[in-house]
Amino acid sequence: MIKIIATIGPASKDVKTLKEMIKAGMNIARLNFSHGTYEAHANLIKNIREAEKQSGARLPIMQDLSGPRIQGRTDAKTGSTAHSFKKGIKTFTPKDRTDLLFGIKQKVDYIVLSYIKDKNDILRLKEFLDDNNYKIPIVAKIETKQAIKNIKSIIKIADLIMIGRGDLATAIPMEKIPFAQKMIIELSNKAKKPVITATEMLKSMVASKTPTRAEITDIANAILDGTNMIMLSEETAMGKYPIETITIMRKIAKEAEMYAVHYDI
């Protein structure tokens, strides 16, 4: 079954909403450590665990580390995108280390390493985890040009792969994104590594109760290509309709999964 990852934030932080999201089809709760204080994250984790307990359903927590934030920058005058993937910038930053120690204490279930360049970034994280006697699956977020170049060796060493389409679209020409996504999914499937497709999957539902036809097709095609998980970001963290968004994503996923066996409109 396709798993739905939902980012938790102001729109979805209370126990009642979290329980409804679980009922609607959320399988994993994501916490974005690019934002928020430890106190805020601790409260979110507390509410997630309580919703899990009341629902009687397992809800793993995914800690998404912020990384160095090496992003493309759009020039206001020219519209061009500039990048910095400078030598010497480490992916696993001091902030990430401190955040991860917090995550270890909170017993998170997955760690997402952002802005990786090659397998060495993952090895540094593995070494840190070993030093702290903690075993946890590592998700390699693919969102840099270097990661695309080194994708085979990254897939080999990571536990899961995430296609971060937002920042990836500033790292490579945007028209190449669909083909990069298909390539990453195919290679991950061959290596039997779970792969997550993320970013703007139901972006319109941040403010609307219904998705666009293009969004529906995008999700279905990602599943038909072989993605194992699909992720919601601001749709559930900040949007007006977190429960409805998960409900619709589950309907699309179910229909796409049925397609390979039998399809009847």
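This note covers the barrel, two of the helices packed on it, strand β8, and helix α1 in a predicted model.

1. Overall fold. Eight strands form a closed barrel, and their pairing is parallel. The strand order around the barrel is β1-β2-β3-β6-β7-β8-β9-β10. On average, neighbouring strands of this sheet are turned by 25° against each other, with direction ignored.

2. The β1/β2 pair. Strand β1 covers residues 3-7 and strand β2 residues 28-32. Three bridges hold this parallel pairing. I5 has I28 of β2 as its bridge partner.

3. Helices on the sheet. Helix α8 (residues 177-190) packs on the sheet and touches β7, β8 and β9. The direction of α8 makes about 160° with that of β9. Helix α11 (residues 242-259) also packs on the sheet, where it touches β1 and β10 (229-232). For α11, the angle with the direction of β10 is about 160°.

4. Burial of β8. Which residues of β8 point which way? L160, M162 and G164 point to one side of the strand, while I161 and I163 point to the other. Residues on both sides are buried. Strand β8 spans residues 160-164, and five of its five residues are buried.

5. Neighbours of β8. Strand β7 (residues 138-142) runs parallel to β8 and is joined to it by four bridges. Within this pairing, I142 stands opposite I163. Strand β9 (residues 195-198) is likewise parallel to β8, again with four bridges. Here M162 of β8 has I196 as its bridge partner.

6. Buried residues of α1. Helix α1 runs from residue 15 to residue 24. Its buried residues are V15, T17, L18, M21, I22 and A24. An α-helix has 3.6 residues a turn, so residues three or four places apart point the same way. What covers the buried residues of α1? The covering elements include strand β1 and the helices α2 (38-55), α10 (234-237) and α11. Helix α11 thus appears twice in this note, once packed on the sheet with contacts to β1 and β10, and once among the elements covering α1.

7. Ends of α1. At the N-terminal end, D14 acts as the cap. A side-chain oxygen of D14 lies 3.3 Å from the backbone nitrogen of K16. Just after the helix, G25 takes a positive phi of about 135°.

Note on methods. Residues numbered from 1 in each chain as written. Predicted model: local features only at pLDDT ≥ 70, side-chain atom pairs only at ≥ 80, totals over all residues. Heavy atoms only, no water. Buried < 20%, exposed > 50% of the residue type's maximum accessible area, 1.4 Å probe, protein only. Helix = DSSP H or I, 4+ residues; strand = E, 2+ residues; numbered from the N terminus. Pairing = 2+ DSSP bridges. Axes fitted to C-alpha atoms, helices over the stretch in contact; angles between N-to-C directions. Contact = heavy atoms within 4.5 Å. Polar contact = N/O pair within 3.5 Å; in protein donor to acceptor, adjacent residues only side chain to side chain.
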